[in-house]
Amino acid sequence: MKSVKFKTLYLKKRFPLKISRGIFSGSENLFVLISDGKNVGLGEMCPGATEGAESAKVGQKHLEDFLREGDGLSGSILDTYLKAVDFGIAPCAIAALDMALWDLRAKEANMTLFRLFGLSLPKVSTSITIGIMSPVEVQERVRHLKEKGMLENLKIKLGSPEGIDHDKEMFSAISETLQNSSTKLRVDANGGWSVEDAHKMLIWLQERNVEYVEQPLAWGEEENLRFLFKGRPLPLFVDESCRNSKDIPELSEYVDGINLKLMKCGGLTEAIRMVGVSRAHNLKTMVGCMGESSVSISAGAAIGSLFDYIDLDSHLNIDPNPTSGALLVNGIVTPQDVPGHGGSLKDA
Ligand SMILES: [Mg+2]
């Protein structure tokens, strides 16, 4: 018989993150601990209104109701996932439950989670996110990342509420600071552009050697992606527009790839399915994150070898970080060689 405990921790960001929709300085995340009497599996939920639970408290309520009424933990992990979806609980809360169950299963098997899934260690280095800021601030941030040796791949947040002139100024300030470095540049507009602005920016960014553009248009405006997709100068990825595997077949007609997140899709079980569906539709894949600690990031890293691009950097911007887990090794978010996903709470 398994028992479940909850713990809530506030994760403060060292540098607040500004994107097209607003500014984030930290979040109260929910941790789920599932014990079989011998091992404890650990999961994490980062709340988000678009992920179905706007707070840790709401997420915990969803899970408690499910566990009380839904006979949730009997059967396989896939059974639990499917029952939780049917029960209608928030995807980010399902993600925490699913992550804790996989962690527990790997610990019971005395295996790292990536080996339990039959996977290898990830080999792709992570993007480091740069939020919307002034040209002066962004130059300071890039110098800071340079000192830390974290300039392999930058994901630059554009779609500024101040318009594409601000986007261009910020992007140019970054290019100027990087000079001739081999840093790969990716752009995420978080849905902050109109179709016209997106069209202009795609051409402008292609001339500046950007690799791809993510979520150029707002979630809900997928029909307009068709116009951008035809003759696109750069590969187009969607993030907010792609919640789970059901969204993929239609999106595949007008995007080149998807950015999936454990919090959006409902955890590892669904994430693996999304990779399969994406490949069947010839899409590129990326794994991203919300404001997650080293716990959820370690779960993401456990399936990291499945992805073309990796964007698992939120834990690097938490200070103080009450969690530990996957380590940054030569720019690659690498799971530790311990049973489970390797993420843990420092005081547990
Ligand atoms: Mg994104």
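Which residues of helix 2 are buried? In this predicted model, they are Thr80, Tyr81 and Ala84. These three cover an arc of only 100° around the axis, which puts them on the same side of helix 2. As for what sits over them, the cover includes helix 1, helix 3 and helix 11 (268-280). Right after helix 2 ends, Gly88 takes a positive phi of about 85°.

Helix 1 can be read in much the same way. This helix runs over residues 56-69, and its 14 residues, at 1.5 Å a residue, should span 20 Å; the end C-alpha atoms are indeed 20 Å apart, so expectation and model agree. Its buried residues are Ala56, Gly59, Gln60, His62, Leu63 and Phe66. They take up an arc of only 155° around the axis, which means that they sit on the same side of helix 1. Turn to the face pointing away from that buried side, and the exposed residues Arg68 and Glu69 show up. The buried residues of helix 1 are covered by a mix of strands and helices, including strand 1 (3-19), strand 2 (22-35) and strand 3 (40-45), along with helix 2 (77-87) and helix 3 (91-108).

Those strands bring up the sheets. Strands 1, 2 and 3 make an open sheet in the order 1-2-3, and the pairing is antiparallel. Strand 1 and strand 3 are at the edges with a single partner strand each, so one side of each has no neighbour in the sheet. From one strand to the next, the twist averages 20°. Strand 1 and strand 2 are joined by 13 bridges in the antiparallel sense, and Lys18 stands opposite Ile23 of strand 2. Helix 3 packs on this sheet, where it touches strand 2 and strand 3, and its direction makes about 155° with that of strand 3. As a rule, side chains in a regular strand alternate between the two faces of the sheet.

The other sheet is built from eight strands. It is open too, with the order 4-5-6-7-8-9-10-11 and parallel pairing. Its edge strands are strand 4 (128-130) and strand 11, each of which pairs on one side only.

Strand 10 is a handy place to look at this sheet up close. On one hand, strand 10 pairs with strand 9 (residues 257-261) in the parallel sense over five bridges. Within that pairing, Asn259 stands opposite Met286 in strand 10, while Lys261 has Gly288 as its bridge partner. On the other hand, strand 10 also pairs with strand 11 (residues 309-310), again in the parallel sense, over two bridges. Here Met286 turns up once more, standing opposite Tyr309 in strand 11. Met286 thus links up with both neighbours, facing Asn259 as well as Tyr309.

How does the chain get from strand 10 to strand 11, and what lies between them? Helix 12 (residues 294-302) does: strand 10, helix 12 and strand 11 together make a right-handed β-α-β unit. Strand 10 itself covers residues 284-288, and because four of its five residues are buried, it is largely enclosed by the rest of the structure.

Conventions
Residues are numbered from 1 along each chain as its sequence is written. This is a predicted model: local features need pLDDT of at least 70, side-chain atom pairs count only at pLDDT 80 or more; totals for chains, interfaces and linings use all residues. A residue is buried if 20 or more other C-beta atoms lie within 10 Å of its own, exposed if 12 or fewer, and partly exposed in between; C-beta atoms are placed from the backbone. Two strands pair if DSSP finds at least two bridges between them. A crossover is right-handed if, with the strands pointing away from the viewer, the path from the first strand over the helix to the second runs clockwise. The expected span of a helix is 1.5 Å times one less than its number of residues. The arc is that of the directions from the helix axis to the C-beta atoms. Two residues are in contact if their C-beta atoms, placed from the backbone, lie within 7 Å. Axes are lines fitted to C-alpha atoms, for helices over the stretch in contact, and angles run from 0 to 180 degrees between N-to-C directions.
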